[in-house]
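Work through the exercises below with the model open. Each task is followed by a solution in steps.

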Amino acid sequence: MMFSSLEGLVFLEGLKSCLDLLFGEQEEQLGQPSPLQFISTSDLKALFDFVQVSLTPASSDSWKGPVLLVDDLSVLLSLGATAVAVLDFIHYCRVVVCSQLKGNIVVLVHSNEDSEDEENELVVNSLCHHSDLILWVEGLVTGFCKDVHGQVMHWRAWRDVVQTYQYKIQDKNVTFFARGLSAAVL
Amino acid sequence: MAAAAGGTAQGRGATSFQRKAADGSRLATVVGTRPSVRHGQLLLSSGLPSLDCVLGGGIAVGTLLLIEEDKYALYSNLLFKYFLAEGVVCGHDLFVASAKEHPDNILKELPAPLLDEQRNELGEEATAVKSEDFQDSMKIAWRYQNLPKIEASPTTSTKFGHYYDISKTMSPELFQSIKWHSFYLPEELSLQPTVKTCNMNSAYGRLLLSIQRVIYQEGFDGSDPQKKQKNILRIGIQNLGSLLWGDDICCSDTPEDIHSLTKFLYVLRGLLRKSLSACIITIPAHLIENKAIMERVTNLSDTVVGLESFIGSERETNPLYKDYHGLVHVRQIPRLNSLICDVSDTKDLAFRLKRKLFTIERLHLPPDLSDTVSRTSKQELAGSAKLLSSGCGAMAIGKKHLDF
């Protein structure tokens, strides 16, 4: 799990922080609660506080357009946070980042159509309703293909149009093309 | 080689291409590893060269390989032992954790490495038949003659990884040079807990603490690079998530504690990422009724391979599968330093247990040698051929779906 904001790039690397939380020295934790405290208390407040402190600019004279990137939100569920707590967390982040600081939030979640993870589906559905732009990336229904690795659908909240592109991933970049314009067909 | 390449480049004076020779040689100093051609990450062998090939060259250091056990955990246990045996042969340190079998016994039953000459003898019969086949020109199906020959089992060109003879156990002398640590749950439970468990199952908490201690005390975290020769720690955890670990996810559809296993995997991955180690875990996926847990576990692992044995299923007697003992499903391969993972060109893989060797091969149908054109069970065969894989077409049956 990783959080970052582009203003001065603040990273919170979950894998590293959780080691400090579990195996770190006792004294360090007295000063400030770890952002990943929710692993033991299942309370996401410390994480939100971290986001708020990191993104709020020191001087209020200039707007810098903070961006909060969350990779990936589904992991919070695996670490013991409830779906409602995760949605609350995102809601608080939206209030601070989108509304107060006029910034953006980009969130990655896992989902697939035949998933049985109801908690995760709840988070995904709810996020879909709150998002302005949704990119839905999935593999082809008909299976693996060498020239087309999958398709990405995107739609905006205020327009009822779904656009679909297919893509092929190379080592360093991804090429997008309209359906049926892949090297496999042409 | 590097010098020669550099020389020609300078001579022409036009190319900007330069080999990263210095980088590669620095990485290659650890025994039993090699840098990946594709992404430069340090790879180690899983002990089964055909599995290495399927996984894109090997297991990257610092990653987690999750094996979904077959029904009776026969074949997953073999993979587990191969992984540890490869560690012994390469001189890596081992950490073996188990709740069922004592780690000492697991180590005693590791397969013996096959020397090159012995392996050649085993393979000789097969190659002899092959060369005979291809020497004389084809008279009937002559159009097929120029087609490239297809190797049944995927192999790598360079020498990496060893073969093991499962009919013999490894000689005790080989163990003397390596260091190994064991974690046997019933023994550990009697000791006092000293870890903040974070609402985690106490068995998992103890295991994490034990792994963390080994990594830090033996210097696998790279904290003291001058101390000694770098080495790799191979961690093996058996039957994780089973009832023996005190986990209830295998018992009910709505277990009380669904987060212990995922928390454990998350912290374990944190430990692996920061150290020179690689981990293999076997997990009884078929016993976990709540599929949401397996989805999360898969997301939290790097490489996931599922084994499906034919024992006890109707496929055991199916003529389609008479050459194989089960199917291999590669569910996830990590993308390291690259947007794309190493995907092998075929998705249909099967495994076979020979007298001495366990191999993973491309699944292919046996030739139809019967005199009559129509087999009695042809309909059944066609039906089961559809079930072969979730590959192209299988999911779209009846849907009339066209992607492009």
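The expected span of a helix is 1.5 Å times one less than its number of residues. The model is predicted.

**Exercise 1. Helix α9 of chain B**

Task: Compare the reach of helix α9 (residues 202-217) of chain B with its expected span, then list its buried residues.

Solution:
- Step 1. Count the residues: α9(B) has 16.
- Step 2. Apply 1.5 Å a residue, which gives an expected 22 Å.
- Step 3. Go from the first C-alpha to the last. α9(B) reaches 22 Å, close to expectation.
- Step 4. Apply the burial cut-off: 20 or more other C-beta atoms within 10 Å. In α9(B), the residues that pass are B:A203, B:Y204, B:G205, B:R206, B:L207, B:L208, B:I211, B:Q212, B:V214 and B:I215.
- Step 5. Look past the end. B:G219 follows α9(B) and has a positive phi, near 75 degrees.

**Exercise 2. Helix α4 of chain B and B:Y75**

Task: Describe α4 (residues 74-90) of chain B, then place B:Y75 in its surroundings.

Solution:
- Step 1. α4(B) has 17 residues and 24 Å is the expected span. The helix reaches 25 Å, which is close.
- Step 2. Check cover. Of the 17 residues in α4(B), 15 are buried, so the helix is mostly covered.
- Step 3. Check the exit. B:G91 comes just after α4(B), with a positive phi of about 80 degrees.
- Step 4. Find B:Y75: this residue lies in α4 of chain B.
- Step 5. Is B:Y75 buried or exposed? B:Y75 is buried, because 22 other C-beta atoms lie within 10 Å.
- Step 6. List its contacts, leaving out residues up to four places away in sequence. B:Y75 touches B:D70, B:L307, B:S309, B:G326 and B:F351.
- Step 7. Take a pair distant in sequence. B:Y75 and B:E308 are 233 residues apart along the chain, yet their C-alpha atoms are separated by 9.0 Å.

**Exercise 3. A helix pair in chain A**

Task: Classify the packing of α6 (residues 83-100) and α7 (residues 118-130), both of chain A.

Solution:
- Step 1. The two axes come within 9 Å. They cross at roughly 25 degrees.
- Step 2. Angles under 35 degrees count as roughly parallel. Therefore α6(A) is roughly parallel to α7(A).
- Step 3. Assign the hand: α6(A) passes α7(A) in a right-handed crossing.
- Step 4. Name the residues that meet. α6(A) brings A:A83, A:V86, A:L87 and A:I90. α7(A) brings A:E119, A:L122, A:V123, A:S126 and A:L127.
- Step 5. Sort this contact by type: seven nonpolar, one polar and one charged.

**Exercise 4. The two chains**

Task: Set the two chains side by side.

Solution:
- Step 1. Chain A holds seven helices and eight strands. Chain B holds twelve helices and 14 strands.
- Step 2. Chain A has 186 residues, 24% of them buried. Chain B has 404 residues, 36% of them buried.
- Step 3. Take contacts between residues at least 6 apart in sequence. In chain A, 46% of these join residues at least 24 apart. In chain B the share is 73%.
- Step 4. Get the extent of chain A. Its C-alpha trace spans about 65 × 40 × 30 Å along the principal axes.

**Exercise 5. The contact between the chains**

Task: Describe the side of chain B that touches chain A.

Solution:
- Step 1. Count residues: 33 come from chain B and 34 from chain A.
- Step 2. Which elements of chain B give two or more residues to this side? They are α10 (260-273) and α11 (291-299).
- Step 3. α10(B) supplies the largest share, eight residues.
- Step 4. Split the side of chain B by type: 13 nonpolar, eleven polar and nine charged.

Definitions and conventions:
Residues numbered from 1 in each chain as written. Chains lettered and ligands numbered in written order. Predicted model: local features only at pLDDT ≥ 70, side-chain atom pairs only at ≥ 80, totals over all residues. Contact = placed C-beta atoms within 7 Å. Helix = DSSP H or I, 4+ residues; strand = E, 2+ residues; numbered from the N terminus. Nonpolar A, V, L, I, M, F, W, Y, C, P; charged D, E, K, R; others polar. Axes fitted to C-alpha atoms, helices over the stretch in contact; angles between N-to-C directions. Parallel < 35°, antiparallel > 145°, perpendicular 65-115°, else oblique. Left-handed = near helix turned anticlockwise from the far one by under 90°. Buried ≥ 20, exposed ≤ 12 C-beta atoms within 10 Å, placed from the backbone.
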